[in-house]
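Colleague: I have a few minutes before my next run. Can you pull up the model and walk me through the pockets and the ligand?

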Amino acid sequence: MAALRFDLLTLFPSLFDGFLTESILSRAIEKALVEVNRWDIRDWAQGKHKQVDDRPFGGGPGMVLMAPPVVSAVEAVQALGERPGRLIVLTPQGRRLDQNLVQELAQESRIVLLCGRYEGFDERIFETLEPETLSIGDYILSGGEVAAMAVVDAVMRLLPGVLGDAESAVDESFGPDGGLEYPQYTRPRTYRGRDIPEILLSGNHAAIARWRREHRR
Ligand code: SAM
């Protein structure tokens with residue numbers, strides 16, 4: 001069993017296709033370090049048209065996600081598996097995602113992420129499910145899928161064994177010792193007349209570590 005199971009509820013499951021099948025995350029899934037399941041909210045919609053959204057009472061632009069299909073989808077998915085998991089709705093009004101929260105989420109064994117669309121959710125979805133809410137920043141995306149990808153990506157790279165080099169998560173910006181990362185260089189040594197700092201060629205590990213500490217941004 002994977003250390004962490006994600007369940008993503010969305011109206012557009014195929015948006016996650018490339019995200020789940022490339023690079024670090026796909027390797028982590030292959031190694032069963034993390035499990036990611038996608039669920040189409042529309043599968044819980046009733047009627048011939050499988051309606052999931054409707055006009056807002058009181059008027060106004062756009063469409064609102066209806067409570068019945070969304071709540072049924074979340075409850076059904078949470079009932080699968082041994083534990084309901086930590087339920088998080090992606091919304092611009094939510095708690096702002098930061099590295100502290102990412103570290104906290106990396107300790108969980110199951111996270112259920114609900115992605116909104118259109119003008120967002122019928123308020124009774126929040127009242128019924130009492131989820132946590134999470135925002136990835138003060139701007140408006142078209143849907144919660146990109147926000148969910150940000151959560152999955154940031155969290156999975158902290159799981160043991162996911163990153164090839166165990167050090168690479170330790171030394172990064174927002175890491176345990178705070179601050180932002182120092183400037184990094186690779187070949188060529190000179191690029192458009194710009195040389196790399198001599199100290200990085202010195203082989204003096206203590207001096208390099210000191211230089212990097214001093215040059216944290
Ligand atoms: N009418 C909503 C408002 O003004 O707050 C915006 C809805 S937005 C177009 C559609 C969906 O995208 C939201 O329900 C949410 O799931 C997602 N979303 C948009 N911006 C987001 C953000 N900054 N963080 C997390 N999710 C976001």
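Modeller: Here are the pockets and the ligand, taken in turn; keep in mind that this is a predicted model.

Colleague: Start with the ligand. Where does the ligand sit?

Modeller: The ligand sits in the largest pocket. Strand 5 and strand 7 are the elements that give two or more residues to the shell around the ligand.

Colleague: Which of them has the largest share of that shell?

Modeller: Strand 5, with 4 residues.

Colleague: And how many residues are around the ligand, and which come nearest?

Modeller: There are 21 residues around the ligand. Leu90, Gln93, Gly116, Gly137 and Tyr139 come nearest.

Colleague: How does the shell split by class?

Modeller: The shell has 10 nonpolar, 9 polar and 2 charged residues.

Colleague: Now polar contacts. Which backbone atoms lie by a nitrogen atom of the ligand?

Modeller: Take Tyr139: a backbone N or O atom of this residue lies 2.9 Å from a ligand nitrogen atom. Leu141 also has a backbone N or O atom by a ligand nitrogen atom, at 3.0 Å.

Colleague: What about an oxygen atom of the ligand?

Modeller: Look at Gly144. A polar backbone atom of Gly144 is 3.4 Å from an oxygen atom of the ligand.

Colleague: How much of the ligand's accessible area does the protein cover?

Modeller: The protein covers 85%. On its own, the ligand has 580 Å² of accessible area.

Colleague: Back to the pocket itself. How much space lies in the largest pocket?

Modeller: About 460 Å³. Its lining has 24 residues, and Leu90, Thr91, Pro92, Gln93 and Gly120 are the closest to its centre.

Colleague: Which elements supply at least two residues of that lining?

Modeller: Strand 5 (86-96), helix 5 (123-129) and strand 7 (132-135) each do. The largest share, 4 residues, comes from strand 5.

Colleague: And the classes in that lining?

Modeller: The lining of the largest pocket divides into 12 nonpolar, 9 polar and 3 charged residues.

Colleague: Switching topic. What volume does the second largest pocket have?

Modeller: About 390 Å³.

Colleague: Which residues lie nearest its centre?

Modeller: Gln103, Arg157, Leu158, Ala169 and Val170 lie nearest the centre of the second largest pocket. They are among the 22 residues that line it.

Colleague: How does that lining divide?

Modeller: For the second largest pocket, the lining has 12 nonpolar, 6 polar and 4 charged residues.

Colleague: Thanks, that covers my list.

Notes: Residues are numbered from 1 along each chain as its sequence is written. This is a predicted model: local features need pLDDT of at least 70, side-chain atom pairs count only at pLDDT 80 or more; totals for chains, interfaces and linings use all residues. Side-chain values use heavy atoms; hydrogens and water are left out. On a 1 Å grid over the protein atoms alone, a cavity is a set of points where a 1.4 Å probe fits but cannot get out, and a pocket is an open set with protein on both sides within 12 Å along at least five of seven lines; lining residues have an atom within 4 Å of a point. Grid points are joined across faces, edges and corners, and a volume is the space filled by probe spheres set on the points. Ala, Val, Leu, Ile, Met, Phe, Trp, Tyr, Cys and Pro count as nonpolar, Asp, Glu, Lys and Arg as charged, and the others, Gly among them, as polar. A residue is near a molecule or strand if one of its heavy atoms lies within 4 Å of it. A polar contact is a pair of N or O atoms within 3.5 Å; within protein, one must be able to donate a hydrogen and the other to accept it, and residues adjacent in sequence count only if both atoms are side-chain atoms. Accessible areas come from the Shrake-Rupley method with a 1.4 Å probe; for residues, only the protein chains shown count as cover. A molecule sits in a cavity or pocket if more than half of its atoms lie within 2 Å of its grid points.
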